Amino acid sequence: MTGPAAGIPPEVAPVRPGQDLPWGRIRDHLAPRLGVDGPMDVLQFPNGAANLTYLVRFGDHRFVLRRPPFGVIAPGAHDMRREYRVLSQLWQAYDRAPRAFLFCDDTEVAGSEFMVSQYRSGIVVWGVIPDELGGHAVAHHLGLATVDALADLHTVDPVACGLERLGRPDGFLERQLAGWRDRWGRVAPWADRAHDAAMTAAAELLAGRLPVSQAAALVHNDFKINNCQFLPGHPERVASVFDWDMTTLADPLVDLGTLLNYWPDPADTDDDHAAHDPGMETLGLPTRDEVVDRYAAHSDLDLAAVAWYEAFACWRIAIIRQQLYARYARGESTDERMASRGRSAAMLSARALRILHAG
């Protein structure tokens, strides 16, 4: 049931060893609910680092199935119910959001909750800009388009798509700090002393310099270039945005800080750089200052405290990477990429402190 078939999209691959699911039960659950029939083929989107994402095909019908990773999950993390809630509504007001069709909370079907959404074909940039998108020559346009897609999201009226109760904007930053500090405590035993000390010091500085949120908007919470998809020949506009499981109604500058944390810049060094994937630093993207200026051109928010948001994002991503490493160290993940997550998390904790001291 997981074998390849004709017309395999280039962004998928055979299911990674150790990440197969009970496909027979899943097929029997999906077919009547999605209105499809016949055998089901399964491939995997291999580039993601946390949630397990699969392409499931019934003949010409294609869907995306997402479920949390294996192992111990931090409270509130990898929330497939939330992702379904967002994507079953948001597509009506933000055409870059794929539509969700199904949510399953019966863990007997796939071993966890999961959701199924629309499949969209296109190009996701993972360190190289393919020729069909225009190659390196279009990197500047692609980067600005990514910022525009974020700014456009923040203009969506949550009421217009039934998401006005998605989160609690008041006190959001305080709750985020408390929640992520708790998550750090759960994975700190797998960190060395210097890393733990830097994370604790950064948390204290973040708490002491907490900005006042100026507005509430739909916040993606993991917005970056490789969560965006482009159509061939159109680097000037993001066609789709993926990975909505952390979306909430909150301070939109959290998203800008997240984007900056993932954004390479000529000022970066080998020991102090953004949390981007390999190759992103050579594309010729706009600088981080240009990212801020582009966002500012679409927003009336005061960006004076943007360094705080970037440092917060850096600190938070350090925790996420430590979670991934801890899951690997406990033997709950067989993905060898997770073995290096602890080293990058330590670099990010030092970077978060540096940004806070500089700001």
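**Figure 1. His195, a buried histidine in helix H6.** With a relative accessible area of 3%, His195 counts as buried (that is, under 20% relative accessible area; over 50% would be exposed and anything in between partly exposed, using a 1.4 Å probe and protein chains only). His195 belongs to helix H6, residues 193-208 (helices are DSSP runs of H or I with at least four residues, strands are runs of E with at least two, and both are numbered from the N terminus). This is a predicted model, where local features need pLDDT of at least 70 and side-chain atom pairs count only at pLDDT 80 or more, while totals for chains, interfaces and linings use all residues. Residues are numbered from 1 along each chain as its sequence is written, and side-chain values use heavy atoms, with hydrogens and water left out. Setting aside residues up to four places away in sequence, His195 touches Trp184, Gln322, Ala345, Ala346 and Ser349 (contact here is heavy atoms within 4.5 Å). With Gln322 there's also a side-chain polar contact of 3.3 Å (a pair of N or O atoms within 3.5 Å; within protein, one must be able to donate a hydrogen and the other to accept it, and residues adjacent in sequence count only if both atoms are side-chain atoms). Arg316 is 121 residues from His195 in sequence, yet the C-alpha to C-alpha distance is 13 Å.

**Figure 2. Arg351, a buried arginine in helix H10.** Helix H10 covers residues 341-358 and holds Arg351. What is the relative accessible area of Arg351? It's 1%, so Arg351 is buried. Its side chain makes a polar contact of 2.7 Å with that of Asp272. Beyond its neighbours within four places in sequence, Arg351 is in contact with Asp268, Asp272, His273, Ala274, Arg288, Glu310 and Cys314.

**Figure 3. Ser240 and its link to Arg120.** Ser240 sits in strand S8 and is buried, at 2% relative accessible area. The side chains of Ser240 and Arg120 share a polar contact of 3.0 Å. Once neighbours within four places in sequence are left aside, the contacts of Ser240 are Arg96, Arg120, Asn227, Cys228 and Gln229.

**Figure 4. The main nonpolar core, viewed around Tyr295.** The largest nonpolar core counts 83 residues, and Leu90, Tyr94, Leu218, Trp244, Tyr295 and Trp315 have the most contacts inside it (such a core is a set of buried Ala, Val, Leu, Ile, Met, Phe, Trp, Tyr and Cys residues joined through side-chain atoms within 4.5 Å). Helix H9, residues 306-329, gives the most to this core: eleven residues. Which residues does Tyr295 touch, not counting those up to four places away in sequence? They are Val147, Leu150, Ala151, His154, Pro252, Leu253, Leu256, Leu301 and Leu303. Apart from this core lies another one of 22 residues, including Trp23, Tyr54, Phe63 and Leu65.

**Figure 5. Aromatic pairs, with Phe45 and Tyr119 up close.** The structure has eight aromatic pairs (rings of Phe, Tyr and Trp, the last by its six-membered ring, pair if their centres lie within 6.5 Å; planes under 30 degrees apart are stacked, over 60 edge-to-face, and the rest tilted). Phe45 and Tyr119 make a tilted pair, 6.5 Å centre to centre with 35 degrees between the planes. They come from distant parts of the chain, 74 residues apart: Phe45 from the loop between strands S1 (41-44) and S2 (52-58), Tyr119 from the loop between strand S5 (114-118) and helix H4 (139-153). Both Phe45 and Tyr119 are buried. Elsewhere, ring pairs join Trp308, Tyr309, Phe312 and Trp315 into a cluster.

**Figure 6. Arginines over tryptophan rings.** The charged end of Arg183 sits over the ring of Trp180, 4.1 Å from its centre (the rule wants NZ of Lys or CZ of Arg within 6 Å of the ring centre and within 35 degrees of the ring normal). Arg330 lies over the face of Trp190, 5.2 Å from the ring centre.

**Figure 7. Two loop residues with positive phi, Asn221 and Asp243.** Most residues other than glycine have a negative phi. Asn221 has a positive phi of about 85 degrees, and Asp243 has one near 65 degrees. Asn221 sits in the loop between strands S6 (217-219) and S7 (228-229), while Asp243 is in the loop between strands S8 (240-241) and S9 (248-250). Buried or exposed? Asn221 is buried at 4% relative accessible area, whereas Asp243 is partly exposed at 23%.
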